[in-house]
Structures are given as C-alpha cells and as structure tokens.
Amino acid sequence: MLTFIIAIVLLVTGFFTYGVLVEKVFGIDANAKTPALTKTDGVDYVPMKPWRIFLVQFLNIAGLGPIFGAIMGIFFGPAAFLWIVFGTIFAGGVHDYLSGMLSIRKGGVSLPDIIGDELGNGIKLFMRILSLVLLILLTTTFLSGPATLLQGLAGLGTMQFSGRMIPIVWVLIIFGYYALATVLPVDKLIGRFYPIFGGILLFMGLGIMVVMLGWHGAEMPELTDGLHNRQTNGLPLFPMMFVSIACGAISGFHGTQSPIMARCVTNERQGRWIFYGAMVAEGILALIWAAAAGTFFADPEKGVYGIDGLQAFAAEHPGQNIAALVIDKVSRSWLGTVGGILAIIGVIAAPITSGDTALRSARLIVADFLKLDQRPIRTRLCIALPLFLCVFGMVFVDFNVVWRYFAWTNQTLAVFTLWAGTVFLFRQEHAAGNTSYRFGYIMALVPALFMTAVSASYIFIAPEGFRFAALGLSWLAYLIAAVVTLALLGIFIYWAKKYDTAR
C-alpha cells in the first residue's frame, strides 16, 4: 500500500512543482490571442470552457493505454510504478504540454507541422506518414477492444475470419459513431458529451482505488519486493515495459490529440491544467489499474503473490485479451454488478472516444497538408472516407499484431515530438536572450534521449521486430540503441553550436 500511496502523492506534487517549472520555461503569454479566438470557424476552431477542454483532453488521450497498458505493464513487476510516476512527470507531462502549447503558438497546426517547423521539411513529410499510420493502427485497436468488451456485455452477431471470431455488429455500430464524431463540429458531439464520459472514467477509477485500499491494501505490490523482471515470457524489462506502459507514462498519440483541443483553448494560462494536468490524471488512472491487476489475484492463504497470481490467470487464458478479462473480473468483483457494469462502460467509452478523435486528428493532418477548408462537410467527408476504409480493413488483422506495431510507432512518434520541443526551447532561449531559465531545453532533451534509446532497442528486441532477445542478442540491440542515441545527441550539439555561431 505504501508504494501506491507515495506514487499518487508524487504525481500530484509533480504537477504543482515540475509542471509549473515547465510552464515557466516555455514562457506563456496570457495576453496573446489564441487560434480559438482568431480562427473561429464553428467546426474545429471553437472556444470552449477550460474544465470542459480538460475532460475532453483526458478522455481523448486515455483510451486503452493507461488501463490495458498498465495491466500488461505490471506483469514486469513493481518497477512499473516507477515508470508511471517518473515517466508522467518528466516525460509524458512535458511531451503533452509542449505539443499542445506549440500548436497554440503556431496557429493550431497539427503535430507533423509542429515537428516539421522545428526539424525540417523532410521530417515533416515523414511525420505526416508516420502519424497517419499510427492513427489508423490506434483507431483499429480502439475499435476492436471495445467491440470485444461490448460483445461480452451484450452478445450480438459475430463472424469468423482466419480462425478468429469478430464481433462484427458491434464493430459496425462503433464505426458508424466514429464517422459522426470525425466530421461533426467539435462542440456538437465531442465537446458536449465527452466531459461526461471523462468524469465517469475518473469516478470509476477512484472507486476501484477506494475498494482496493480498503480491502486489499496489505496485499498490493511494493517496491521492496524487488525491481527485477517478473515477466515469464523471456522478454527483458527494458525496453518492453516502457513501451507496454505508454499512455500511462508517455505516448506519441497524445501529441496528435493535443492540437485538437489547442484549437479550443482561449488563454495560454490554461495550458498547464489542460495538457500537463490531463497527463497527470492519466498517470493516476494507470497507477490504479496497475495496482489493481497486481493485487486482485493475490491469495495469501496459498502464499500466492499478486503478480504471480496474475501470471497464473493469464496462463489459464492463452490467446485471449488478458487486459479485457482482468478489467471485467476486477470491476464485477470489487464494485458489484451495477458498479462493475458502469466501470466497464467507462473503460469502453475511453477507447471509443479516443478512436474517433484519432480519426478526427487524421482528417486534420490531411487537411493541413492539402490546405483544404474544413467548413464544408463535403470536404470533410472526402478526406474521412478513405481513412474509414483503411481502418475497417485493419479490423480483420489480429488485434495483438496491430497493438504491437502500434506500440512501437506510438513511442517513436513521441521521440520526434520531444526532439522538436528540445529545438524549440533552445531557439526560444537564445533568440530571447533569456538567462532566467538557461538550459531549460534539457527538460525536453533528457526524455528525448531516453525515449530514443527505448524505441531504437525495442525494434530489435521485440518479437514483432528483429527478435534479438529470442536469439540471445539483447546486448547487440542495446549497443545499437546507444549508438543511435549518442549520434542524435551529437547532431543536436553540432546544430546548437552552429546555431549560436550564426547568431
């Protein structure tokens, strides 16, 4: 229990300390007019109240990540708690704040344009492709996961494809909803109903926490149990855990969502509460579900440790979506039938409402690239239809395969966003001649280097990559990652010196 409580306190403290420092380093201008006020179009640029934007942002970035990812991450052991806490404060919060505020500063542009403005046009084109691939993969996972959960609540028609049963009726229902949320004005559906779902998700997470602390606190995983890898599948803790727990610590997907809400913010002072704050709230949610999964299956009478019990439960259900099963079992047992159903609905709403905003973000990326006016609904539909077809086709690919490739693409996108933030902060510091926060760009540089190492090593170690771990060559993957990371650091130092000289 002590580890969990300290972790919660650290996250909240981080928001009021490090979050404030990040805001000061960025340098907000409370008198500047935001894109929501200067580009109001009634579709995407729509002024909204800060509390509403916060709940929408939280729901948009939450999705399956802080719940499914946290559950899969606790398989690695109590070390997951450390990554959620420090990843949220020093990486995820910085990443989300910079992506949101840079979008505001640059007129509400999408993530590829933010990154391209700082890293060059070649990178901008690559980011457009990478972002669209990520968003299509993510929408597919956020379509398949909820459809599976809904099928368990209210079974409807299914179809068999390649030996798998696909809940096709629920897929079509959710897909129809996605179409509406993608093309309708942001305040008509997303701005009106998503704060409600966001509140439900937070409320149910807190309900799980209260029950867990009241009934099962003494059995919760603790750091004193050791930080060694508890996985039984042979995969190393680094980098696998840092990719499994993405949205609960840092996620490149968030950078695609922040510009959606950046077009609704009416004052830069709101940025820390909306962008950094939503990331902290997501970190808290991830902690709750990681702890719940690591606690629920404990059986002290049999001497079974919580994570060992979780491993045994997973072994009893091979080939199934373990995270979804854990959510169902924990919610129904701890919150009762009604509370369990409401909790599951909250968990279902999170990915659905992230899937549609992922498609909306994809539409905006294409529209920004082609410079198309999004006020006519015909234009929005012309962009959205090809995206719909891509997502629907991906539904028939194995969920686990899609999730794995999404995971790597997701964290790689975060790498580029952090490097863009590093360059922006460096330029701003030197252009303004501000010495109050000298070397403030390190706030983005350090997580950029760390996530570079994570992404570079993952592609060589993971089963869906070059499988170096299975071949006993993990050391080589780490060596390659170190070389890549140091090379990028060297390029940045060279650029920084050249930039100083040019000035």
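Guide: Helices and strands are here DSSP runs, a helix being H or I over at least four residues and a strand E over at least two, numbered from the N terminus. By that reading, T422 is found in helix α17. The model is predicted, so local features need pLDDT of at least 70 and side-chain atom pairs count only at pLDDT 80 or more, while totals for chains, interfaces and linings use all residues. Residues are numbered from 1 along each chain as its sequence is written, and side-chain values use heavy atoms, with hydrogens and water left out.

Visitor: How many helices and strands does the protein have?

Guide: The protein has 19 helices and 2 strands.

Visitor: How is the overall size to be read, and what radius of gyration does the protein have?

Guide: The radius of gyration is taken over C-alpha atoms, and the globule rule is 2.2 Å times the number of residues to the power 0.38. For 503 residues a compact globule would have a radius near 23 Å, and the 22 Å of the protein agrees with this. The C-alpha trace spans about 70 × 50 × 45 Å along its principal axes.

Visitor: Is T422 buried or exposed, and which residues is T422 in contact with beyond its sequence neighbours?

Guide: Buried means under 20% relative accessible area, exposed over 50% and partly exposed in between, with a 1.4 Å probe and protein chains only. T422 has a relative accessible area of 0% and is buried; of the 503 residues of the protein, 59% count as buried. Contact means heavy atoms within 4.5 Å. Leaving aside neighbours within four places in sequence, T422 is in contact with Y441, A444, L445, A448 and F492. T422 and L98 are 324 residues apart in sequence, yet their C-alpha atoms are 9.5 Å apart in space. For the protein, residues 24 or more positions apart account for 83% of the contacts with a separation of 6 or more.

Visitor: How are aromatic pairs recognised, and what geometry do F426 and Y499 have?

Guide: Rings of Phe, Tyr and Trp (its six-membered ring) pair if their centres lie within 6.5 Å; planes under 30 degrees apart count as stacked, over 60 as edge-to-face and the rest as tilted. The count by this rule comes to 31 aromatic pairs. F426 and Y499 form an edge-to-face pair, 6.0 Å centre to centre with 70 degrees between the planes. Because F426 lies in helix α17 (residues 399-432) and Y499 in helix α19 (residues 474-502), the pair ties together parts that are 73 residues apart in sequence. F426 is buried at 3% relative accessible area, whereas Y499 is partly exposed at 22%. Both rings belong to one aromatic cluster with W419, F439, Y441, F492 and W495.

Visitor: Where does S474 lie, and what surrounds S474?

Guide: S474 lies in helix α19 and counts as buried at 18% relative accessibility. Apart from neighbours within four places in sequence, S474 is in contact with I461, F468 and A469.

Visitor: Which backbone angles deserve a look, beginning with the phi of K371?

Guide: K371 has a positive phi of about 55 degrees although it is not a glycine. K371 lies in the loop between α15 (322-370) and α16 (377-394), and at 74% relative accessibility it counts as exposed.

Visitor: What kind of peptide bond joins F238 and P239?

Guide: The bond between F238 and P239 is cis, with omega about 10 degrees. P239 has its place in helix α11 (residues 237-244).
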